[in-house]
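Subject: Structure handover

Hi there,

Here is the structure I promised to pass on to you. Please open it in your viewer and keep it at hand while you read the notes that follow.

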Amino acid sequence: MTRTAVAVGRDALFKDIVRLMEQWQVSALPVLEGEGRVVGVVSEADLLPKEEFRDSDPDRHTQLRRMSDLAKAGALTAGDLMSAPAITVHAHSTLAQAARIMAQRKVKRLPVVDDQDMLEGVVSRADLLKVFLRPDKEIADEVRREIVDVLFPAPVEPVHIIVTEGVVTLTGTIREAALIPVTIRLVRGVEGVVDVDCHISPTGEG
């Protein structure tokens, strides 16, 4: 998450919005009211109708089908341009949850808000990808501490963890076969894990 998030108020003018997007190299800006509550988001997609319909005279069918875009083509302020309510993510959400929202709602950036919808930052697709730069040793330590040591406090033999370029390889012998798929699912959920190669065997199996 980027905590230094540029945002605008409802009264921000069209050209000022474009100027801020260019200056900060962002494709969308949260729209705030009061002391920082997120009420909407204005994106490049919200701005483009002004150019698209600048010198056109849409027919009746287009007017009915694209009423919202035509309204935005004539809008001058962020309050009239923005998409509302804002698609946001809470500060305590995981990166996986943020990624899912982005994919489902087809957005590139999400305002991060607290429980009162006050802006805390912005998370982008680039922020989500940075997690895969996490060091292998750090991933291995978390897998050991949070998963392996909890699920297998007394394994038949030590469960070995090797992480190479984000791929987690697990080997060892355990007593409960039912825990193997659970382990794989939990390890996949660790931030920075690219894949899981599991060679854990239950007692009596090779």
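Let me begin with A86, which touches V38, V39, G40 and V41, leaving aside residues up to four places away in sequence. Please keep in mind throughout that this is a predicted model. As for where A86 belongs, its place is in the loop between helix 5 (78-81) and strand 4 (89-90). R60 makes a useful second marker: 26 residues separate A86 and R60 along the chain, and their C-alpha atoms are separated by 30 Å.

The same loop has another point to look at. P85 is found in the loop between helix 5 and strand 4, and the peptide bond that joins A84 and P85 is cis, with omega at about -5 degrees. If you set up a simulation, that is the bond to look for on screen.

**The sheet of strands 1, 2 and 3**

Strands in the order 1-2-3 make up an open sheet of three, and the pairing in this sheet is mixed. At its edges are strand 1 (8-9) and strand 3 (37-43), each of which pairs on one side only. Helix 1 (residues 14-24) packs on this sheet and touches strand 1, strand 2 and strand 3. The direction of helix 1 makes about 125 degrees with that of strand 2.

In which sense do strand 1 and strand 2 pair, parallel or antiparallel? They pair in the parallel sense, over two bridges, with strand 2 covering residues 28-33. To find the register, look for G9, which stands opposite L32 in strand 2.

**The hairpin of strands 5 and 6**

Strand 5 (residues 109-113) and strand 6 (residues 119-124) run antiparallel and are joined by five bridges. One pair to check is R109 with its bridge partner S124 in strand 6. The hairpin has five residues between its strands. D117 is found in that loop between strand 5 and strand 6, and its phi is near 65 degrees, a positive value in a residue other than glycine.

**The cavity**

How many cavities of 30 Å³ or more does the structure hold? The search gives one, and about 50 Å³ of space lies in the largest cavity. Its lining is made by A28, L29, P30, V41, R109, L110, P111 and V122. Strand 2 and strand 5 are the elements that give two or more residues to that lining. Two residues from earlier in this note come back here: R109, the bridge partner of S124, lines the cavity, and V41, which A86 touches, lines the cavity too.

**The sheet of strands 7, 8 and 9**

Another open sheet has three strands in the order 7-8-9, again with mixed pairing. Strand 7 (160-164) and strand 9 (195-202) are the edge strands, and each pairs on one side only. On average, neighbouring strands of this sheet are turned by 10 degrees against each other, direction ignored.

Strand 7 and strand 8 (residues 167-174) pair in the antiparallel sense over five bridges. Within that pairing, I161 has L170 in strand 8 as its bridge partner. Two helices go with these strands. Helix 8 (residues 136-151) lies across strand 7 and strand 8, running at about 150 degrees to strand 7. Helix 9 (residues 179-188) lies across strand 8 and strand 9, and runs at about 160 degrees to strand 9.

**Rings and charges**

What does a search of the whole structure find in the way of aromatic pairs? It finds zero. There is, however, a charge over a ring to show you: K50 lies over the face of F14, at 5.1 Å from the ring centre. F14 is also part of helix 1 (residues 14-24), the helix that packs on the sheet of strand 1, strand 2 and strand 3.

Have fun exploring, and do write back with any questions.

Best wishes

Notes. Residues numbered from 1 in each chain as written. Predicted model: local features only at pLDDT ≥ 70, side-chain atom pairs only at ≥ 80, totals over all residues. Heavy atoms only, no water. Phe/Tyr/Trp six-rings, centres within 6.5 Å; stacked < 30°, edge-to-face > 60°. Lys NZ or Arg CZ within 6 Å of the ring centre and 35° of its normal. Pairing = 2+ DSSP bridges. Helix = DSSP H or I, 4+ residues; strand = E, 2+ residues; numbered from the N terminus. Contact = heavy atoms within 4.5 Å. Axes fitted to C-alpha atoms, helices over the stretch in contact; angles between N-to-C directions. 1 Å grid on protein atoms, 1.4 Å probe; cavity = no way out; pocket = protein on both sides within 12 Å on 5 of 7 lines; lining within 4 Å. Points joined across faces, edges and corners; volume = space filled by probe spheres on them.
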